[in-house]
Amino acid sequence: MLTRALTILLVFTALSCGKNRNPIPNVLVDITVNVNNPGYMSLSVVGGWQYFNGGSRGIIAFRNSTETFNAFDRHCPYEPEESCGVLSVQSDNSTMKCACCASVFSLWDGSLQSGPAIQPLKIYTTTFDGTTLRIYN
């Protein structure tokens, strides 16, 4: 009887934890850009960012040093089924805010700064050879 009760408790715990994960859909991403191209001039400086088509609801690429970039899905992890959950870079050029829940995330690392969201942003892998930025999963 005790074993059955523990099993039921574990199942309910696992199910409730799964509810809080709010996964962002996995979508194939493979973007390559030359950061010296005038169309990507914003990415040529540290702190620069640019929106790209792709991912679940778009991608934000951010240059956080001379050699490294981060790329995040614009799909807010809080209640991901809501179509308004799209992130936009704020006027401070260091945070992104969800149009739906008002959660705020860091452009530097995708971490949650404030809001009802509890998870960081989905991040894509980036490589940079000094000229070409590749964003992929």
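**View 1. The fold pattern, from one end of the chain to the other.** Walk along the sequence of this predicted model and you go through α-β-β-β-β-β-β-β-β-β-β. That adds up to one helix and 10 strands. As for packing, 34% of the 137 residues in the protein count as buried. Take the contacts with a separation of 6 or more: 45% of them link residues 24 or more positions apart.

**View 2. An open sheet of six strands.** The strands line up as E1-E10-E9-E4-E3-E2, with antiparallel pairing. Sitting at the edges are strand E1 (30–34) and strand E2 (49–52), each of which pairs on one side only. On average, neighbouring strands of this sheet are turned by 20° against each other, direction ignored. As a reminder, sheet strands pair through backbone hydrogen bonds, either parallel or antiparallel.

**View 3. Zooming in on E2 and E3.** Here edge strand E2 meets strand E3 (residues 59–63), and the two run antiparallel, joined by four bridges. Which residue stands opposite Ile59 in E3? Look for Phe52.

**View 4. The cavity and its lining.** The structure has one cavity of 30 Å³ or more, and the space in the largest cavity comes to about 40 Å³. Four cysteines can be picked out in its lining: Cys76, Cys98, Cys100 and Cys101. Tyr78, Pro80 and Gly85 also line the largest cavity, as do Arg57, Glu79 and Glu82. Sorted by type, the lining residues are six nonpolar, one polar and three charged.

Definitions and conventions:
Residues numbered from 1 in each chain as written. Predicted model: local features only at pLDDT ≥ 70, side-chain atom pairs only at ≥ 80, totals over all residues. Heavy atoms only, no water. 1 Å grid on protein atoms, 1.4 Å probe; cavity = no way out; pocket = protein on both sides within 12 Å on 5 of 7 lines; lining within 4 Å. Points joined across faces, edges and corners; volume = space filled by probe spheres on them. Nonpolar A, V, L, I, M, F, W, Y, C, P; charged D, E, K, R; others polar. Pairing = 2+ DSSP bridges. Axes fitted to C-alpha atoms, helices over the stretch in contact; angles between N-to-C directions. Buried < 20%, exposed > 50% of the residue type's maximum accessible area, 1.4 Å probe, protein only. Contact = heavy atoms within 4.5 Å.
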